[in-house]
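Visitor: I'd like a really close look at one part of this molecule, please. Pick a spot and walk me around it slowly, then show me a few other places on the side.

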Amino acid sequence: MTPKTPTQKTVGDAMALGFENPDFSKPRALAIPVQPQPGEGLADVVFRACAENGFHDLWIINRLLGKQSIKQGWGHSRFARSDFDVEVLAHFLGVPNGVADIERLMYRKGTRGLNFFGVEISGNELMASRRISALSLRERPYAKAIWSIRSLSFDPRTKERLLDRCPECSSVLQYRIAGDICRCTGCGVADFRDHPQPIVEVEDAEGLDFVTNLIDPEAKTDSTVHDDLKSFGKGEIFTLATTLARVIRTENSGGSRRPSPTAESLSLAGSAISGWPKKFGEIVETYASSKDPGQNHTLDNSLYGVTAELRKVVRKELATVLSGRTRNYDVKSQARRAATHVKFWSSPAILDQAKKFGLPVIDVLALYADRVIECPDRRYAERLGIPGGAPHMDFRAFENHEAPISGLVSVLDAVWGSKSSRHPWSQVMAEIVRNGIGVNVRAPSSKNFIESAHTTDVKRIRFICETQETTVDPKATVNVREAKFYLRMGTGHVSCLKRQGYFKDDSITMEEIWQFQEQFISAFEIRARLIVAGIQPPTVIRIGLGLKAAGAKRTLLDLHRYHRDDGEQYLFSIIGKVSEIGRSESKILSDDMQFQALR
C-alpha cells in the first residue's frame, strides 16, 4: 500500500502527526477555529472545537497539553485541576483574542476557591460529567458552564431540569467522546432537543433567582444583600446559600445526610439570605432539627465550606435566633395574624433596656411594636418588621431630685392592685412614657424604673387595667426569672412550682401564669388592692396572719399563696370592716386597728 502524502492526510491525521512528531516546534492550530459563546465554559469550547474539526476522541487534548490518558475526559473539574500552557491551548483553538479568551475561562485558584467567571466558588461545585438543557439547546446549540455547577440541577434561565443521561440509551453524558452537542455521543440516536424536561416550580422564584444570579455569567441583574453581608463576595454568599439549602433538604427528608439541594430548598435559602436578617431567622427556626436551644442548629454544624469571617457572622445570627425561647408575639395587631413566632436572643442592648425598665423582655417588645419607643437593636427590629423613627427612651427625663410629695403610690402596686391577672404592663408603661400618667422617680436610685416610679394617678392606671387586655400572646414562653416578676415570688418558689407539676413542660407559658394567678391570691396582691382602694395597708406579714386566722386554704406547697375564692372573700370582708371604722374615725388607721379589722 502506497503511503499517504501530506496532501492526502485528513485534518485529524495531520493534527495527530503534529502532536506526535517531535520535529514540529509547536502544535498546529485547528483547521476550523472557534469563538467562545456567551455562557460557555472552557470544557464546552474544547468539546465543541474537537467535534467541529472531526476529532471523535478528546485524546488529542492529552497530547496537546502533555497529560496522560484521562478516562473521564476533559470536563470542567478536570480543567480546574490541571496545569497547562494557556498559550498552547489558545493557539490550538484559534480563538480570536488569543490568550485573553482562554484566561477569562480559566478556573484559577483564588484565596477562597476557584474562579468561575469572576466569582470564587468551591472546587467541589464543578462536575466532571456533562449536563444539558434541551430547551436552551433549541434556542442556541451551545452548552453553558453553569450547567456544570453541582448545586444547580436546572437551567437558571429556562428553569428546566438538566439532563445528565441519554433519554434513549441511558448512558452518562461525558466529555471524553466529542460530537454534536445536541446528540448523544454514545448511541448517536437521541436528539436532546426532542426530550424537554420538567420545569422546576418553586413558591419563591425571586429567592431562586437570587442564588443563581450570584454566579450566572449571563445574569442580567445583581443579587443585593443586607449591610451585614456586603463585605463578602458573591461566591461566599453562594456557598452559604447552597449550604443552607442542603440543610433544608436534609431536614425535610428527615435524614442525617446532606444531599444536593433542590430548586425549592435553594429558593428558600435565597429568600432567607436576601431577606436577612428577619427572613433568615424565620427559615432557620423552621428547619431546626432540635427545638432545644442548648443544641447547635444543623446549619451551624455544616458551615465547614463557608469562609471563616462569614461563618462568624452566620453563627452570630444563629445565636440571635436560637439562643432564647420562642416568643409567640403579634407585632402589629390581632388583625394581622394570630401570632408571629419570634426567637429572642441575648441582645445586650435590649436586655439592658429591659433591665432598666424592670419589665420582662416580652412586655418591652410591645413598646417597640407599638412604636412607643425605638428598639435599640435594629436587626431585631427588622426581624419583627418594626420600622424605625420612634422616640428613644430617656430614663433621665423622669428623674426628680426634689423631695417626694405625699400621696404617691408605687406604679407596681397600682397595677397589681387593679387587676388579678393579665396585667397590661406595656399599655400602662406606654402612658407613662407618653406622659399620659405622671410619675415621680426619685433620683438617684439603685432600683429600676418601674420600682422607682410613683404616681398620684392611680385612677388612670386602674382604668387602663379594667378596660385593656395585655398584648402578650397566651402561648408566649417565659423563663424562671420572668415568671418571678409576674408571680411576685422568688426564683426558688417558681422552681418548686415547676417540680410539683403546676406548669406542664420545662418552659412556662403566659397562659399558665395567668391560670395560676386566677386560681391563687397572695398577701402582696391583697396589700396592693387595699392601696388602690385608698386604704393604708398593714404589712404583708400581718396580712398573712389574717388570712391564716380566717382559715384561707393554701397551695399544696404553701408558698404564701391562697385559694382565690377564700382570699377574695377575706379581702372584701376586711375592706368592709375598715370602711365602717373609717366612716366613724378615719381612713388612715393604725397597724393595731387594721390588724383587728383584718381578723
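Guide: Let's start with some vocabulary. A helix here is a DSSP run of H or I that is at least four residues long, a strand is a run of E of at least two, and both are numbered from the N terminus. Keep in mind that what you're looking at is a predicted model.

Try those labels out on Lys 159. You'll find Lys 159 in the loop between H7 and helix H8 (205-213). Lys 159 isn't a glycine, and yet its phi is positive, about 65°.

Now for the spot I've picked: the second largest pocket and the pieces around it. We'll come in by way of a sheet. Strands of a sheet pair through backbone hydrogen bonds, and they can do so in a parallel or an antiparallel way. Our sheet is open, has four strands in the order S5-S7-S8-S6, and mixes its pairing. At the edges sit strand S5 (399-400) and strand S6 (409-410), each with a pairing partner on one side only. Let's look at the S5 end. S5 pairs with strand S7 (residues 440-442) in the parallel sense, and two bridges join them. For Glu 399, the bridge partner in S7 is Val 441.

Over at the other edge, S6 takes us to the pocket. S6 gives at least two residues to the lining of the second largest pocket, and so do helix H16 (411-416), helix H19 (458-467) and helix H23 (523-532). How much space is in there? The volume of this second largest pocket is about 420 Å³. Its lining counts 18 residues, and the closest to the centre are Leu 408, Val 409, Ser 410, Asp 413 and Ile 531. Sort the lining by class and you get seven nonpolar, five polar and six charged residues.

Next, follow H23 away from the pocket. Two packed helices are described by two things: the angle between their axes and the distance between those axes. H23 packs against helix H24 (residues 540-549) at an angle of about 110°, and the axes are 9 Å apart. Angles from 65 to 115 degrees count as roughly perpendicular, so H23 is roughly perpendicular to H24. On the H23 side, the contact is made by Ala 523, Phe 524, Ile 526, Arg 527 and Leu 530, while H24 brings Val 540, Ile 543, Gly 544 and Leu 547. By class, that contact of H23 with H24 has seven nonpolar residues, one polar and one charged.

There's also enclosed space to visit. Rolling a probe the size of a water molecule over the atoms shows where empty space is left. A search of the whole structure turns up six cavities of 30 Å³ or more. The largest cavity holds about 150 Å³ of space. It has 15 lining residues, and nearest its centre lie Tyr 486, Leu 487, Gln 517, Ser 522 and Glu 525. Helix H20 (480-487), helix H22 (510-519) and strand S11 (520-522) each give two or more residues to this lining. S11 has the largest share, with three residues. Six of the lining residues in the largest cavity are nonpolar, four are polar and five are charged.

One more stop on this side of the tour is Glu 431, which sits in helix H17 (residues 425-433). Setting aside neighbours within four places in sequence, Glu 431 is in contact with Gly 436, Ile 437, Arg 460 and Ile 464. Glu 431 and Val 372 are 59 residues apart in sequence, but their C-alpha atoms are 9.1 Å apart in space.

Before you go, here's another helix pair to set beside H23 and H24. Helix H10 (residues 263-274) and helix H11 (residues 278-286) pack at about 140°, with 6 Å between their axes. That angle makes H10 oblique to H11. Leu 268, Ser 271 and Ala 272 in H10 meet Lys 279, Phe 280 and Ile 283 in H11. By class, the H10 and H11 contact has four nonpolar residues, one polar and one charged. Pro 277 lies in the loop between H10 and H11, and the peptide bond from Trp 276 to Pro 277 is cis, with omega near 5°.

Notes
Residues are numbered from 1 along each chain as its sequence is written. This is a predicted model: local features need pLDDT of at least 70, side-chain atom pairs count only at pLDDT 80 or more; totals for chains, interfaces and linings use all residues. Side-chain values use heavy atoms; hydrogens and water are left out. Two strands pair if DSSP finds at least two bridges between them. On a 1 Å grid over the protein atoms alone, a cavity is a set of points where a 1.4 Å probe fits but cannot get out, and a pocket is an open set with protein on both sides within 12 Å along at least five of seven lines; lining residues have an atom within 4 Å of a point. Grid points are joined across faces, edges and corners, and a volume is the space filled by probe spheres set on the points. Ala, Val, Leu, Ile, Met, Phe, Trp, Tyr, Cys and Pro count as nonpolar, Asp, Glu, Lys and Arg as charged, and the others, Gly among them, as polar. Axes are lines fitted to C-alpha atoms, for helices over the stretch in contact, and angles run from 0 to 180 degrees between N-to-C directions. Angles under 35 degrees count as roughly parallel, over 145 as roughly antiparallel, 65 to 115 as roughly perpendicular and the rest as oblique. Contact means heavy atoms within 4.5 Å.
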